[in-house]
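Please open the model in your viewer and keep the selection panel at hand. The tour moves from helix packing to the nonpolar interior.

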Amino acid sequence: MTTKTLYLLCSAAPPVFDVAHVVEDAQARGWDVCLGLTPTAAHWLSESLDGLAALTGHPVRWQYKFPGEADVWPPADALLFAPATFNSVNAWALGLTDRFVVGVAAEAIGKGTPVVAMPCTNSALAAHPQFDQSLAALRTAGVEMLYGETGFTPGPAGPDAPPHFPWQLALEAVDRRPTPES
């Protein structure tokens with residue numbers, strides 16, 4: 001069996017605390033997983049970063065490499081950006097790539113890498129007019145956006161964690177996307 005490489009990119013939203021289980025599930029599906037985090041997500045998981053690197057077999061990244069420095073990840077066959085926060089979705093759609101994971105996701109579109117994303121936000125932030133525009137822009141660019149009836153449905157503002165984040169749905173969507181090798 002040929003292993004394909006999945007870039008799993010995560011923003012700082014409560015479902016990120018389940019990322020080790022998500023990595024294990026993706027690996028069981030035949031993916032070689034490279035984990036990228038926003039700086040805040042890396043801070044939240046700081047005590048687990050070494051274990052996550054051991055689990056994936058790759059360094060966990062949250063910042064850009066230096067110019068001329070070799071890339072430590074193999075090329076991606078697919079990319080999953082989940083949970084993708086309100087801030088990350090809007091930055092990505094607008095091409096604001098000051099954060100590593102947003103830059104990688106933006107480049108994946110231009111490289112023709114299959115991309116799936118699942119936003120994680122509350123209904124108050126989702127009501128902001130830019131959010132719908134950002135979702136539409138990313139869908140137009142070819143991103144499979146798992147949101148609303150097709151994925152994550154936002155709950156009310158206030159609770160720290162959504163009651164359910166459909167990680168399995170996200171991995172199933174990645175598995176369905178044709179990759180360069182298929």
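Within what distance do the axes of helix 1 and helix 8 come, and at roughly what angle do they cross? Select both helices (DSSP runs of H or I, at least four residues, numbered from the N terminus, as strands are runs of E, at least two): their axes come within 11 Å and cross at roughly 35°, with axes being lines fitted to C-alpha atoms over the stretch in contact and angles running from 0 to 180 degrees between N-to-C directions. Show next V22, D25 and A26 of helix 1 together with W167, Q168 and L171 of helix 8, which make the contact (heavy atoms within 4.5 Å).

This is a predicted model, in which local features need pLDDT of at least 70 and side-chain atom pairs count only at pLDDT 80 or more, whereas totals for chains, interfaces and linings use all residues. Residues are numbered from 1 along each chain as its sequence is written, and side-chain values use heavy atoms, leaving out hydrogens and water.

Now keep helix 1 and add helix 3, which packs against helix 1 at an angle of about 5° with the axes 10 Å apart. The two helices are therefore roughly parallel to each other (angles under 35 degrees). Here V19, A20, V23, E24 and Q27 of helix 1 meet L52, L55 and T56 of helix 3.

Finally, select C10, whose contacts beyond its neighbours within four places in sequence include V16, V19, L35, F81 and W167.

Definitions and conventions:
Parallel < 35°, antiparallel > 145°, perpendicular 65-115°, else oblique.
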